[in-house]
Amino acid sequence: MKDLTDSLSKLVDKIRGASHIDEETLKEVLKDLQRALLKADVDVKLVYELTKSIEEEYRKEEPPSGISSKDYLLYLIYNKLISIMGGETEAKVELTKRPYVILLVGTEGSGKTTSAGKMAYWFSRKGYRVGLIETDTVRPGAHDQLRQLAEKLNIPFHVDPNSKDAVDIALKGLEKMRKEKVDLIIIDTAGRHRNEEELMKEIKEIYNAVTPDEVVLVIDSTMGKQAAAQAEAFNRNVPINSIFLTKMDSTSRGGGALASVVRTGAKIKFVGSGEYLEDVELFNAKKFVQRLLGMGNLEELMERMKSIEEEDQVLMELSEGKFNMLTFMKQLESMTKLGPLSKLLQMLPMTMLPAPMRSLNDDQLEDAQIRMRRWLAVMRSMTREELMDPSVLDASRIKRIALGSGTTPKDVRELIRQYELMKKMVGELKRSQRRLGRFIKQ
Ligand code: GDP
């Protein structure tokens, strides 16, 4: 197996190809996962913890109804990898002080200078004033490259082609950028020297002299296994805080990046996806893991799992007697997902329906359907706070919601009335359940 990505794709194929997940297949899949991660130099302890927690979770519960054991296992693996890579939310980027200083490190050719420009572009677009400093005295052309990027972005920069003293360039650059009153200073460094020791020595010296707020390691996603070793080498010399992953527009899937994240404990923040300045985006762990596992077509499964989890949550809240407009909305949403109301009513035994609904004609059904859709539009225009506690809805909020949902304040009030009625019914149901419970216990 070539690298992590290959072996993980094979693993996904193996799970998908199995007729079902029996004890033997489960063991085999977990072993393959361990082997793949260990081969990619992921830390042994982490590999065992990871597979153990997947196994435990898999054994703990039956898959939700409608989800096969194969899909459930895939889902657990997928979720675990996402949590290692930083979780479901997008990477967070904050400048906690002014000026904020970023030191960019990485091997030559990884895309460091290009990524310095991309970060400058990204922050400039957010309204920050950014300055660039080039301290690479080794690679010919580094100065010109940075100068061109800065001129294109129309931002201040500092280069000194006549100096061979990287620390001195960095300090002079900092002074100049402070005078320019920038919010963010990005310092580019060399990626190659006579030998690795020289390179690390210089980077350490720059680090000690400028005491940056963040050290960003640039990793080429096409590098595979080597990436982790390089990440570790840099991390031994300066503490790596975050990662900029480049060349994700290539066919590579970024297996080396996973191992680098694990080795350094740093999270990926930015992703480069092309040669232009605009080809930069915030890292998204979900997208990354899908690509890593070669499972673009698993999106639909993940959506299904998510909606099952949401429905479970609503049911749990209902069973606990928690009823608010959010629960009401989720119920209406799942009802509309089941198809037209007339079909839904046909599926229910007559005795389950409240008397007025047993004799609805087609027009009345159509009318009820329209009202349900209108209510959903109204609730979707409410804030979460309003859904959780509709008692805050005063005249001005009602007016805003009506406007936002393309309905009238009268419609909004009708929904609130209906909701109050439902809430009362749920409350009564709960009380009668409790009475029944006491009766049974007696
Ligand atoms: P440095 O030596 O680390 O400073 O690397 P450079 O910034 O000079 O980049 C090396 C090469 O990689 C250049 O040809 C860049 O255009 C290219 N490059 C950098 N980032 C990306 C990227 O995200 N996608 C692609 N396709 N090429 C990139």
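A nonpolar core here means a set of buried Ala, Val, Leu, Ile, Met, Phe, Trp, Tyr and Cys residues joined through C-beta atoms within 7 Å. Keep in mind that this is a predicted model.

**Exercise 1.** Work out which residues touch the most other members of the largest nonpolar core, and where this core lies.

*Solution.* Start with the membership: the largest core holds 86 residues, and Leu-132, Ile-186 and Leu-217 touch the most other members. Next, look for the top contributor, which is helix 4 (residues 69-84) with seven residues. Now bring in the domains: domain 1 (4-84) and domain 2 (100-283) both supply residues, so the core sits between them. Then zoom in on Leu-132: leaving out residues up to four places away in sequence, its contacts include Ala-116, Ala-120, Leu-146 and Ile-186. Finally, don't miss a second, separate core of 11 residues, with Trp-375 and Met-382 among them.

**Exercise 2.** Take a look at helix 4: how does its reach match the expected value, and which residues are buried?

*Solution.* Helix 4 has 16 residues, and at 1.5 Å a residue you'd expect 22 Å; from first C-alpha to last it reaches 23 Å, which is close. Its buried residues include Leu-73, Leu-74, Ile-77 and Leu-81, but also the charged-type names Lys-70 and Asp-71. After the helix comes Gly-86, with a positive phi near 120°.

**Exercise 3.** Describe the shell around the ligand.

*Solution.* Count first: 17 residues surround the ligand, and Gly-111, Lys-112, Thr-113, Thr-114 and Gly-272 are the closest. Sort them by type and you get no nonpolar, 11 polar and six charged. Helix 5 (residues 112-125) gives the most, with three residues.

How values were computed. Residues numbered from 1 in each chain as written. Predicted model: local features only at pLDDT ≥ 70, side-chain atom pairs only at ≥ 80, totals over all residues. Near = placed C-beta within 6 Å. Helix = DSSP H or I, 4+ residues; strand = E, 2+ residues; numbered from the N terminus. Buried ≥ 20, exposed ≤ 12 C-beta atoms within 10 Å, placed from the backbone. Domains from an automatic or database assignment. Contact = placed C-beta atoms within 7 Å. Expected span 1.5 Å × (residues − 1).
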